[in-house]
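Please find below my notes on the model, set out as numbered points. They move from the overall chain to the two ligands and then to one residue of the interior.

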Amino acid sequence: MKPTHQDSTDNVESDVDGRVRIFDTTLRDGEQAPGFSMDRRAKLRMAHALEALGVDIIEAGFPQASPDDFAAVAEIARTLKTPTIAALARCQEADIDSAGRALEGARHSRIHLFLSTSPLHREHKLGKSKQQVIDIAASAIQRAKALAHEVEFSAEDALRTEPEFLAEIFSVAVEAGASVLNAPDTVGYVTPTEITRMFTYLREHVRGADKVVFSAHCHDDLGMAVANSLAAIAAGARQVECTINGIGERAGNAALEEVVMALHTRRPLFRVDTGIVTQHLYPTSRLLAEVTGQPVPRNKAIVGDNAFAHESGIHQHGMLKHRGTYEIMRPQDVGAKTSLVLGKHSGRHALRQRLEELEYDLDEATLDAVFERFKNLTDKQRSITNDDLVALMDKHRNNHHTAAVAVES
Ligand SMILES: CC(=O)SCCNC(=O)CCNC(=O)[C@H](O)C(C)(C)COP(=O)(O)OP(=O)(O)OC[C@H]1O[C@@H](n2cnc3c(N)ncnc32)[C@H](O)[C@@H]1OP(=O)(O)O
Ligand SMILES: CC(C)C(=O)C(=O)O
């Protein structure tokens, strides 16, 4: 499909409301993490799931990285209908041309260009002056503009870049035709206060700021990727780059499911919407675990097995009275289920509830007796299944019966 100027203008104009675009980079930054690479078939399966999830942009890969990645991007571009398909490219002609070719079949395509801007990267990685970096970015953007519907420019290591220089290179990027400006915290270094300051500064100082979308891309080296993404949104970012299960370079990227559910759960605070069908979060997370062979940690927010599980008696008692006592989201809203797990920390209320579900009718004395047996068992066994409970009840009844017979005789 031939790119038109109209396409990219439409996309930008619809961003001036309270809608945050979700840019999913599971298939690019996510797969860069050791142990998470995906072949073309795995990427296509994930891309279909991401489309159903409602992400706005799928970064399908880095076509210059390998022939299979080129093929994956091309197949995703040809197949998917709704999201914009993005491909990553360095500011080098071969990368840009290969991204353009891979995206040819896309209904809406984006070349995502990146170039380091921080002093450390300029000096040690690129060996370029500020002016050289600006010139390279401008000509790359002009070249990419002709090959895709829109161009995103990322200033790698933006959050360790001098704010004045960052504003200058972003201004040049706008003049050259970029419609999305991404300021990544490439090494997960900053705090929410600092990222707020940077986005506020950029929105005030970039020439043409009102015509473009500002984007955040945060890494989790200090465990602040999600908090920083939310701070950037509060400071006006209207695109956020994130990954399913938070996978990505080193400690990972901002977890999509966490960013989305924070915006959703605290909507009165953030006052923005996303297009995410939240009920697909859990199944998409599990699909990623399946295709990469990397399980989701139990305690992972939103999608971990423990995210809506309660074992402690005091919490279970609260949950049985009112689920809002210990759950701030409805599990069904993310495609998951609440579970009251019976274990060492459980109390009588949860035990009674489970036994009643198993159709036992209990008086207080029986409950007390069975509870004692139950606690003894939990000291030997991490969690107690329904079969264990049936066995406990059988044992209790047998003992009770034997004791009654002994009294009679
Ligand atoms: C912050 C990020 O996540 S950026 C994305 C990182 N992702 C990846 O690197 C995954 C895919 N990468 C690859 O498969 C390979 O690195 C390739 C195919 C892209 C390049 O491989 P090679 O040509 O052998 O180069 P290599 O990776 O060793 O070194 C990087 C080169 O790119 C240059 N470079 C780095 N970033 C950029 C940039 N944004 N624009 C232009 N050149 C760049 C480096 O200066 C270096 O150049 P040199 O070869 O002239 O010294
Ligand atoms: C390419 C850019 C956006 C990146 O991945 C980073 O800076 O972390």
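1. Which residues does UniProt assign to the feature "domain: Pyruvate carboxyltransferase"? The record, an unreviewed entry, places this feature at residues 20-282. The model discussed here is a predicted one, and the annotation is quoted as it comes from UniProt. Over residues 20-282 the chain is 44% helix and 18% strand, and the C-alpha atoms at the two ends of this stretch are 21 Å apart.

2. As for the chain as a whole, 16 helices and ten strands are assigned to it, and its C-alpha atoms fill a box of roughly 100 × 40 × 40 Å when taken along the principal axes. Of the 409 residues, 53% are buried, while the accessible surface comes to about 18700 Å², with 50% of that area belonging to carbon and sulfur atoms. Among the contacts with a separation of 6 or more, 72% are between residues 24 or more positions apart.

3. The surroundings of ligand 2 deserve a careful look. The residues around this ligand are Arg-28, Asp-29, His-112, Phe-114, Ser-154, Glu-156, Asn-182, Pro-184, Thr-186, His-217 and His-219, and by class they divide into two nonpolar, six polar and three charged. Strand 4 (109-116), strand 5 (150-156) and strand 6 (180-185) each supply at least two residues of this shell.

4. Which side chains place an N or O atom at 2.9 Å and at 2.6 Å from an oxygen atom of ligand 2? The side chain of Arg-28 does so at 2.9 Å, and that of Thr-186 at 2.6 Å. His-217 also contributes, with a polar side-chain atom that lies 3.2 Å from an oxygen atom of ligand 2. Taken alone, ligand 2 exposes 260 Å², and the protein buries 94% of that area.

5. Ligand 1 has 14 residues around it, of which Gln-32, Arg-90, Cys-91, Gln-92 and Phe-114 come nearest; Phe-114 is also listed in the shell of ligand 2. By class, the shell around ligand 1 has six nonpolar, four polar and four charged residues.

6. The polar contacts of ligand 1 include some made through the protein backbone, since a backbone N or O atom of Cys-91 lies 3.1 Å from a nitrogen atom of the ligand, and a backbone N or O atom of Phe-114 lies 2.6 Å from a nitrogen atom of ligand 1. Gln-92 instead uses its side chain, a polar atom of which lies 3.0 Å from a nitrogen atom of ligand 1. On its own, ligand 1 has 1000 Å² of accessible area, and the protein covers 53% of this. Strand 3 (84-90) and strand 4 are the elements that give two or more residues to the shell around ligand 1.

7. Is Phe-214 buried or exposed? Phe-214, found in strand 7 (residues 213-218), counts as buried because its relative accessible area is 3%, and the limit for that class is under 20%. Leaving aside residues up to four places away in sequence, Phe-214 touches Leu-181, Phe-199, Leu-202, Arg-203, Val-206, Ala-209, Ala-237, Arg-238 and Gln-239. Phe-214 and Ala-183 are 31 residues apart in sequence, and their C-alpha atoms are 7.6 Å apart in space.

Notes: Residues numbered from 1 in each chain as written. Chains lettered and ligands numbered in written order. Predicted model: local features only at pLDDT ≥ 70, side-chain atom pairs only at ≥ 80, totals over all residues. Heavy atoms only, no water. Near = heavy atom within 4 Å. Polar contact = N/O pair within 3.5 Å; in protein donor to acceptor, adjacent residues only side chain to side chain. Areas by Shrake-Rupley, 256 points an atom, 1.4 Å probe, with all protein chains shown as cover. Helix = DSSP H or I, 4+ residues; strand = E, 2+ residues; numbered from the N terminus. Nonpolar A, V, L, I, M, F, W, Y, C, P; charged D, E, K, R; others polar. UniProt positions renumbered as here; feature names shortened; annotations may be inferred. Buried < 20%, exposed > 50% of the residue type's maximum accessible area, 1.4 Å probe, protein only. Contact = heavy atoms within 4.5 Å.
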